Number of protein chains: 2
Amino acid sequence: MSQHRYLLGEDRIPTRWYNIAADLPSPMPPPLGPDGNPVTPDMLTPIFPMELIGQEVSQERWIDIPDPVRDIYALWRPTPLFRAVAWERELDTPCRIFYKYEGVSPAGSHKPNTSVPQAYYNAQAGVKRLATETGAGQWGSSLAFACAQFGLECKVYMVRVSYDGKPYRRVMMETWGSECVASPSSDTNAGRTILERDPASPGSLGIAISEAVEDAATREDTNYSLGSVLNHVCTHQTVVGQEAVEQMKMAGASPDVVIACAGGGSNFAGLTFPFLAEKFAGADIRVVAVEPTACPTLTRGHYAYDFGDVAGMTPLLPMHTLGHSFMPAAIHAGGLRYHGMAPLVSHLVRNELVEAQAYAQRECFAEALRFARAEGIIPGPEPTHAIRAVVAEVERAREEGVEKTILFNLSGHGNFDMAAYQSYLSGEMVDTELPQADLDRAAAELEGLPTPA
Amino acid sequence: MSQHRYLLGEDRIPTRWYNIAADLPSPMPPPLGPDGNPVTPDMLTPIFPMELIGQEVSQERWIDIPDPVRDIYALWRPTPLFRAVAWERELDTPCRIFYKYEGVSPAGSHKPNTSVPQAYYNAQAGVKRLATETGAGQWGSSLAFACAQFGLECKVYMVRVSYDGKPYRRVMMETWGSECVASPSSDTNAGRTILERDPASPGSLGIAISEAVEDAATREDTNYSLGSVLNHVCTHQTVVGQEAVEQMKMAGASPDVVIACAGGGSNFAGLTFPFLAEKFAGADIRVVAVEPTACPTLTRGHYAYDFGDVAGMTPLLPMHTLGHSFMPAAIHAGGLRYHGMAPLVSHLVRNELVEAQAYAQRECFAEALRFARAEGIIPGPEPTHAIRAVVAEVERAREEGVEKTILFNLSGHGNFDMAAYQSYLSGEMVDTELPQADLDRAAAELEGLPTPA
């Protein structure tokens, strides 16, 4: 019998998060406030607790994970590492393929790795209520789960088009006790302004962020919570990679290539940052970030200072961006439809420590189908992109006549995304390439903003 | 940090299935053919492979699990055993509550424990194609997964009302490469006959069984596969309980009460049969089967010989039944809407080795909500019944002033059942008590059939 799964006991849940900022070969440009000067911690206190602000700017390599957070991680962590025995057979490759599987969390993805500590630190700071936005619902449901654990109220502004089209993610949030409203909503000034202009607005992540930030900034009892992009979010996700490092050792294997999809960047950071630490120390590892051709932030975007939201309410972040007013096509990988990218991930790509690739969604689902029939697990739309990139590595290895060890992050299951599979199976799914006009518009939009050093 | 999960390595996947028939305190009445005489193996060969027929009638205590089956079990087995640390706190009880969690399988429930060996033995016997029925889709998707593993074609007759209302389970089957049609279909005589009478028939499990059996009986390359009720199905599920016995030992605990929901009986058998073996050997364990008040087969049904399907195509089985023409109310626990019960489970209840309880669905969902907010996992509608029964045990222990150790089977997650939670949360969910008229009708229907000794 071939070994399929490498499991760790609860005692092997990491005790610290890895903060890659301590090891960057060159310093990252700072986020900037509205006055063009670096953001100071006190500017963030209206919406974040001090502990998270401290983590956001920390240069310490290791940050202790509080026991109550580890205690909740223990509901699903350590997650399994799989050797893709059947998929290797299906691909007829001598390469060894491993995947870390984050779909075993209650919400079905890697997102609770950060929603739990975020809820914890807010509860510790006496905050009673969190506000956040969600697109397809992965993040909103993860925060709802975490808030239930710490007795926090939670309000989720869910992009209208998803709220209407994906009611089950909303029901999941309500099952965990959170409130979920369609955005734009009449509950905020930002929402009302949009609705006055366009009562039938389908909403966007940018609008929903504006609503959640306003909610948090205007209510004494409420803070804001973000599911990706920021440094502390990337840092929380490193429990994934730390476990994978240990599990690869159990398997007696060392990856030549580490692959993860990247939307805002936190899933990518989670698996790869601990392996990048080994790369910084001399290990021969290639690290690949994979994104959709419909939202090719890293492969075709500008590296620039840009806002995280449409309305320009957030600080300016140094990142790869398609412009903060960019509206990506309605691809099924909702988690990869973001105009920007985590500054940490952008910095690593810019310094050529990380490669970036983009694939169209049909080729991703085609490979995901082969994966699902071999391995059993039906992947979420986002990690189908990582799967496509693994197949590209396998083909490249075949051409080069070499045997590689490949590791990728299967960041979530597709149980709530069967409409995407239906679209693929029925032949209705379409591919989208970003028009050059979008890049030109982004360039114009970014022109008046500062440029990172 | 409290211990949450008890994990076993792949090497601890059971190597044998436990066949409780070898240990029954009194022999079970045999199934009867159309002539009123016991069914002989050769009557079953048109639709089942010899290996499974042998297991169906076996009196051997242990049946070896073939290596290729264990190899696929390894994709998700051994499953975790949880101590419900947070739920105990929420219930404010000194009782220790453990649950075995089968939702980690690719299809999200315990069903693949038997779909995999069934597909395997059929593939070994040279069968190219399997036909089956499914209600809400749990079984159909589990067989689709298993057939993908062994390269078998699979056709699933899915009850029309579920086919229309739960498209995502169907897409799941198609993702794994199976064909799924609405039943009644125009593909079989059974289906066409119904459609001629009622072109808008919503279908029923009984009709779908008739279609699948006809498909298998009339095609040389095709066999039939059933997801519950039969002896060999119950036997396959005992991997669940065998692992749980070992994991309870890891936890240093011994259950006073073992609880599982029962529809056709296979989930119940899976967890409890290995503990019943300990009970037969003298252990002081109560074993409880839980069913819905809308389909109270064990608590209010007749113990009688009855057909497994509406059309009377199956052998007569000695079991608790509400009559083979019974149409249960449209409760959300689709897996518990069956008129009969596994003969093995019925026999144990009749011999007072197993207790039976029934609960209405709203009280089940109320407790499931508390469970989900504490433990994170959102239960499928079926195991909400087991959860309700655990709470009853906790209350009883409180009244008696004792501390009990309780174990139950969380047989699947609710990711595909969010409409049920929506119904509960919106206040639309209704409870159903079985009308006495249904029992009277069943009694009349059973009158002409033989009576078990």
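## Strands, symmetry and size: three worked exercises

In this predicted model, B:Cys261 sits opposite B:Val290 of β11(B).

**Exercise 1.** Work out which strand of chain B is joined to β11 by five bridges, then place it in its sheet.

*Solution.* Start with the bridges: the partner is β10, residues 257-261 of chain B, and β11 covers residues 286-292. These two strands run parallel. Now zoom out: β10 and β11 belong to an open sheet of seven strands in chain B, ordered β1-β4-β5-β15-β10-β11-β14, with mixed pairing. At the edges you'll find β1 (5-6) and β14 (355-359), each paired on one side only. Last, look for a helix: α15 (residues 361-375) of chain B lies across β4, β5, β14 and β15, at about 95° to β14(B).

**Exercise 2.** Find the turn and shift that lay chain A on chain B.

*Solution.* A turn of 180° with a shift of 0.0 Å along the axis does the job, at an RMSD of 0.0 Å. So the two copies are related as by a two-fold rotation axis. In chain A, the C-alpha nearest that axis belongs to A:Asn415, 3.2 Å away from it. Next, check the interface: 100% of chain A's interface residues are also interface residues in chain B, so the copies meet through the same surface.

**Exercise 3.** Decide how the radius of gyration of chain A compares with the globule rule.

*Solution.* First, the inventory: chain A has 18 helices and 15 strands. Its radius of gyration is 20 Å, close to the 22 Å the globule rule gives for 453 residues, so chain A is as compact as a globular protein of that length. Then burial: 65% of the 453 residues count as buried, meaning under 20% relative accessible area.

How values were computed:
Residues are numbered from 1 along each chain as its sequence is written. Chains are lettered from A and ligands numbered from 1 in the order in which they are written. This is a predicted model: local features need pLDDT of at least 70, side-chain atom pairs count only at pLDDT 80 or more; totals for chains, interfaces and linings use all residues. Side-chain values use heavy atoms; hydrogens and water are left out. Copies are superposed by least squares on the C-alpha atoms of residues with pLDDT of at least 70 in both. Contact means heavy atoms within 4.5 Å. Two strands pair if DSSP finds at least two bridges between them. Helices (H or I, at least four residues) and strands (E, at least two) are DSSP runs, numbered from the N terminus. Axes are lines fitted to C-alpha atoms, for helices over the stretch in contact, and angles run from 0 to 180 degrees between N-to-C directions. The radius of gyration is taken over C-alpha atoms; the globule rule is 2.2 Å times the number of residues to the power 0.38. Buried means under 20% relative accessible area, exposed over 50%, partly exposed in between (1.4 Å probe, protein chains only).
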